[in-house]
Every structure is written in structure tokens, then in C-alpha cells.
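Trainee: I am new to this structure and would like to go through it with you. Could we begin with how its chains meet?

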Number of protein chains: 2
Amino acid sequence: MVEKYNLESLQLTMRVIAGKWKIQIILELMKGKKRFNELERATSGITPKVLIRELKDLEKTGIVNREVLKTALPAVEYSLTPAGTNLQPVLNKMQKWAKIQGQFFHLKGS
Amino acid sequence: MVEKYNLESLQLTMRVIAGKWKIQIILELMKGKKRFNELERATSGITPKVLIRELKDLEKTGIVNREVLKTALPAVEYSLTPAGTNLQPVLNKMQKWAKIQGQFFHLKGS
């Protein structure tokens with residue numbers, strides 16, 4: 001059944017997860033709340049400046065929640081919002097597609 | 001159930017559909033085979049040069065099939081490969097996510 005697609009909806013989802021780092025950050029936060037330095041260590045190759053930018057964008061699009069902890073030393077914790085968690089079915093299908101088509105894709109060159 | 005994600009698989013799928021035009025072209029081809037000028041008319045705002053580039057990339061990644069027709073006047077027809085058609089479940093989930101989360105997203109600014 002060919003679903004009736006709405007280009008704006010699809011572009012909205014793409015906007016939220018596009019780019020080199022967003023999916024990697026979302027995957028880390030799917031494992032649970034993380035502090036900035038935990039995210040930085042877990043996201044190999046990212047710089048603090050870029051991580052700050054990406055987290056701000058993910059916060060702006062309603063994917064990530066930023067909480068300032070009331071601890072002795074000021075600390076910030078990041079977590080997925082419900083909208084962020086609800087990306088799982090999208091990521092599941094993306095992964096499934098890649099597993100099936102991926103080997104063909106590699107034959108055609110990257 | 002949190003699916004065990006493979007970052008490379010997810011990045012592979014993103015690579016194939018990322019960018020301003022690819023999803024729009026894929027949606028058009030989901031309606032059936034198209035000639036270049038049909039695609040150009042249907043993809044509002046795209047230039048021939050950009051459409052050629054995007055189609056070449058979609059062909060390279062195994063999403064689009066390019067067929068030279070044996071007609072009096074040389075003509076080329078584009079269609080989705082099975083890998084292209086198999087993107088439907090990904091697009092379905094992306095659209096579903098946007099419909100649910102979308103209104104929240106707009107509240108936060110684009």
C-alpha cells in the first residue's frame with residue numbers, strides 16, 4: 001500500500017536527524033541520561049564546540065531535554081524528550097533497510 | 001524494546017536519503033517511472049544540473065534505475081530499484097513521527 005506522503009513531514013523528520021552527529025548523540029541518549037563530558041567521550045571525534053551546537057539544535061527541535069542539576073558543583077544533564085524517544089521506530093526501519101540493502105549499496109561504491 | 005543500533009547502518013540510510021532533493025525525487029518515482037523532464041517539472045525549484053547530479057547519486061547508491069529507451073528519439077526513463085521501493089517503511093515511520101511530534105516541533109521554532 002503506497003502511503004500518501006507529505007513532503008513537509010518527511011523533510012521535518014530529516015531536519016531533526018540530519019547531519020554527521022545527531023543520530024550518534026540520539027543513540028547515546030537512548031541508553032539513558034548523560035552529562036556533557038559523557039556525551040563528548042561517547043561521540044568519537046566530536047569537538048566540545050560542535051557538541052554544544054548539536055545539543056542546542058536538538059533542544060530547539062524538541063528532541064533533547066537539558067536539565068541543570070541542583071548539585072554542589074553546577075552540572076547539566078541531557079536526556080531524550082518523548083519526541084526523541086519516539087524516533088525509535090524510524091531508526092529501527094532505517095537500520096533494517098540498511099541491513100538488507102546495505103550489501104548491495106557497498107557493491108555500488110560509497 | 002530498545003533495538004541494538006548500528007551507527008554505520010543508520011548513517012548508510014541517512015547518506016542515501018539526505019539532502020534537499022532526494023526524498024522529493026524518491027516520492028515522485030514511487031508514483032511510477034518518470035522521464036527527466038517529468039521529474040524536473042514535478043520537483044519544484046530544482047535545476048536540471050542539480051537533478052542530474054541527484055539522479056546520478058541515487059543511481060550510484062542503488063536507489064534509482066536509469067534505462068535508455070529504444071525509441072526513435074533517444075529517451076531515458078528513471079525508476080526505483082527494489083532498494084528504493086523498500087525505503088517505504090522508513091518514509092512511513094518518518095511521516096508518522098512528524099505528524100505526531102510535528103506540532104510540538106513548530107512551537108519550538110524551525
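Mentor: Let us settle one term beforehand: a salt bridge is a side-chain nitrogen of Lys or Arg within 4 Å of a carboxyl oxygen of Asp or Glu. Please also keep in mind that this is a predicted model.

Trainee: How many salt bridges are there across the interface of chain B and chain A?

Mentor: By that rule, 0 salt bridges are found across the interface of chain B and chain A. For polar contact, 12 residue pairs are found across this interface, both residues being at pLDDT 80 or more.

Trainee: Which elements of chain B give two or more residues to that side?

Mentor: They are α1 (7-17), α2 (22-30), α4 (48-60) and α6 (88-107) of chain B. The most comes from α6(B), with 16 residues. By type, the residues on the side of chain B that touches chain A are 24 nonpolar, 17 polar and 10 charged.

Trainee: How many residues are in contact, and what area is buried between chain B and chain A?

Mentor: In chain B, 51 residues are in contact with 50 residues of chain A. The area buried between the two chains is about 4,500 Å², and carbon and sulfur atoms give 68% of that area. On the chain B side, B:Y5, B:Q95 and B:W97 lose the most area to chain A, together 16% of what that side buries.

Trainee: Turning to the helices, at what angle do α2(A) and α1(B) pack?

Mentor: Helix α2 (residues 22-30) of chain A packs with α1(B) at an angle of about 140°, and their axes are 10 Å apart. The crossing of α2(A) and α1(B) is right-handed.

Trainee: Which residues meet there?

Mentor: From α2(A), the residues are A:I23, A:Q24 and A:L27, and they meet B:L7, B:L10, B:Q11 and B:M14 of α1(B). This contact of α2(A) with α1(B) comprises 5 nonpolar residues, 2 polar and no charged.

Trainee: Back to salt bridges: how many does the structure hold over all chains?

Mentor: Over all chains, the structure holds 14 salt bridges. One of the salt bridges is formed by A:E67 with A:K33, whose closest N and O atoms are 3.6 Å apart.

Trainee: Where in the chain do A:E67 and A:K33 lie?

Mentor: A:E67 is in strand β2 (residues 64-69) of chain A, whereas A:K33 is in the loop between α2 and β1 (34-35) of chain A. The pair links distant parts of the chain, 34 residues apart.

Terms used: Residues are numbered from 1 along each chain as its sequence is written. Chains are lettered from A and ligands numbered from 1 in the order in which they are written. This is a predicted model: local features need pLDDT of at least 70, side-chain atom pairs count only at pLDDT 80 or more; totals for chains, interfaces and linings use all residues. Side-chain values use heavy atoms; hydrogens and water are left out. Contact means heavy atoms within 4.5 Å. Buried area is the accessible area (1.4 Å probe) that two parts lose on being put together, summed over both. A polar contact is a pair of N or O atoms within 3.5 Å; within protein, one must be able to donate a hydrogen and the other to accept it, and residues adjacent in sequence count only if both atoms are side-chain atoms. Helices (H or I, at least four residues) and strands (E, at least two) are DSSP runs, numbered from the N terminus. Ala, Val, Leu, Ile, Met, Phe, Trp, Tyr, Cys and Pro count as nonpolar, Asp, Glu, Lys and Arg as charged, and the others, Gly among them, as polar. Axes are lines fitted to C-alpha atoms, for helices over the stretch in contact, and angles run from 0 to 180 degrees between N-to-C directions. A crossing is left-handed if the near helix is turned anticlockwise from the far one by less than a right angle, and right-handed if clockwise.
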